[in-house]
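This briefing covers salt bridges and one helix pair. The structure is shown first, and the notes follow by topic.

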Amino acid sequence: MKLDGRRTSSNVSDRRRVSNGKLLGGGITGIIIAAVVALLSGGDLGSVFTSALSDATTQQSGQYVEDAEDQRLYDLASKVLAGTEDVWTREFRRQGWGEYECPKMVFYHGAVETGCGHGSAQTGPFYCSADETVYIDLDFFKNMDSTIGASGDFCYAYVIAHEVGHHVQHLLGTLDEAHDAMSRTSKTESNQISVRLELQADFYAGVWAYNDNEMFGSLEPGDVENAINAASRIGDDYLQRKAYGREMPESFNHGRSSQRVKWLKLGLQTGDPRRGDTFSPAYSAL
């Protein structure tokens, strides 16, 4: 991904040197199990972190020390966030959705206090609508290859753009409507609504990539393939088979790998945010 000469966002905050007491035992290498726990609990990775922290915890020790890769990833994430600001500001005006309100991004290490409660690195990057902020521990990116077998700068950008996609849903009212519906339905139906939210966020990530490339010529050979590979490895079916050797479709709340790839590719191919209606089709048609 070509980001040379691109601006960095001013909506970032660095809390990596702030101590937050406790964090979930096991570190970032437990991402697969943590993800499956999230899936089985019927929550999503942006909200389940609060309850996940009640399990075995260890006292955080030592101070964070930044290395060269941390600095590179910090710069990359700041530029990607700036790219989402440029794209979605233009798209909101183009679609007649009003002015786009940019989210904030917080970099942290280990654990962090958020408007949604206490967050842990083990859940991966997440969006909190209460404070309109994307939270990222850069160790997630540094360990993606070993945990899920996916890596690369555009792969990391896809993860960020997905979380910003939840912010777009928040601004459009989709997120609150879905969460309200989830609170009034069965666990199975709630999970299905969650899948619809996550697939739409994947679609919005693709929309961002299409338009960012149109505006800045950011995509390089292999970028799209890397992102699609990442999407295929964070599907509920893939994660459950990896952790338990079997699928439990009734507990899916992010979508199958094939579904995540499908909606990401649709966004990448069309660049049109109005093509991402994941709520009208029958669930079996997603």
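In which crossing, left-handed or right-handed, does α7 pass α8? The crossing of α7 past α8 is left-handed. The model is a predicted one, and the notes below take up this helix pair and then the salt bridges.

**Packing of α7 and α8**

- Helix α7 spans residues 174-182 and helix α8 spans residues 187-216.
- The two helices pack with their axes 9 Å apart, at an angle of about 165°.
- Angles over 145 degrees count as roughly antiparallel, and α7 and α8 are therefore roughly antiparallel to each other.
- On the α7 side, the contact is made by Thr174, Leu175, Ala178, His179, Ala181 and Met182.
- On the α8 side, Ser190, Ile193, Ser194, Leu197 and Gln200 make the contact.
- By class, the residues of this contact between α7 and α8 are six nonpolar, five polar and no charged.

**Salt bridges: count and general point**

- Side chains of opposite charge can pair when their charged atoms come close.
- With a cut-off of 4 Å between side-chain nitrogen and carboxyl oxygen, the count comes to 22 salt bridges.

**Arginine 241 and the network**

- Arginine 241 and glutamate 247 meet through their side chains in a salt bridge, at 2.7 Å from N to O.
- Arginine 241 is partly exposed, at 39% relative accessibility, and glutamate 247 is also partly exposed, at 30%.
- Elsewhere, salt bridges with shared partners join Asp14, Arg16, Arg17 and Glu66 into one network.

**Arginine 16 and aspartate 14**

- Within that network, arginine 16 forms a salt bridge with aspartate 14, and the closest N and O atoms are 2.8 Å apart.
- Is arginine 16 buried or exposed? Arginine 16 counts as buried, because its relative accessibility is 4% and the limit for buried is under 20%.
- Its partner aspartate 14 has a relative accessible area of 34% and is partly exposed.

**Arginine 90 and glutamate 91**

- A salt bridge also links the side chains of arginine 90 and glutamate 91, with an N to O distance of 3.8 Å.
- Here the acidic partner is the buried one: glutamate 91 has 1% relative accessibility, whereas arginine 90 is partly exposed with a relative accessible area of 24%.

Methods. Residues numbered from 1 in each chain as written. Predicted model: local features only at pLDDT ≥ 70, side-chain atom pairs only at ≥ 80, totals over all residues. Heavy atoms only, no water. Buried < 20%, exposed > 50% of the residue type's maximum accessible area, 1.4 Å probe, protein only. Axes fitted to C-alpha atoms, helices over the stretch in contact; angles between N-to-C directions. Helix = DSSP H or I, 4+ residues; strand = E, 2+ residues; numbered from the N terminus. Parallel < 35°, antiparallel > 145°, perpendicular 65-115°, else oblique. Left-handed = near helix turned anticlockwise from the far one by under 90°. Contact = heavy atoms within 4.5 Å. Nonpolar A, V, L, I, M, F, W, Y, C, P; charged D, E, K, R; others polar.
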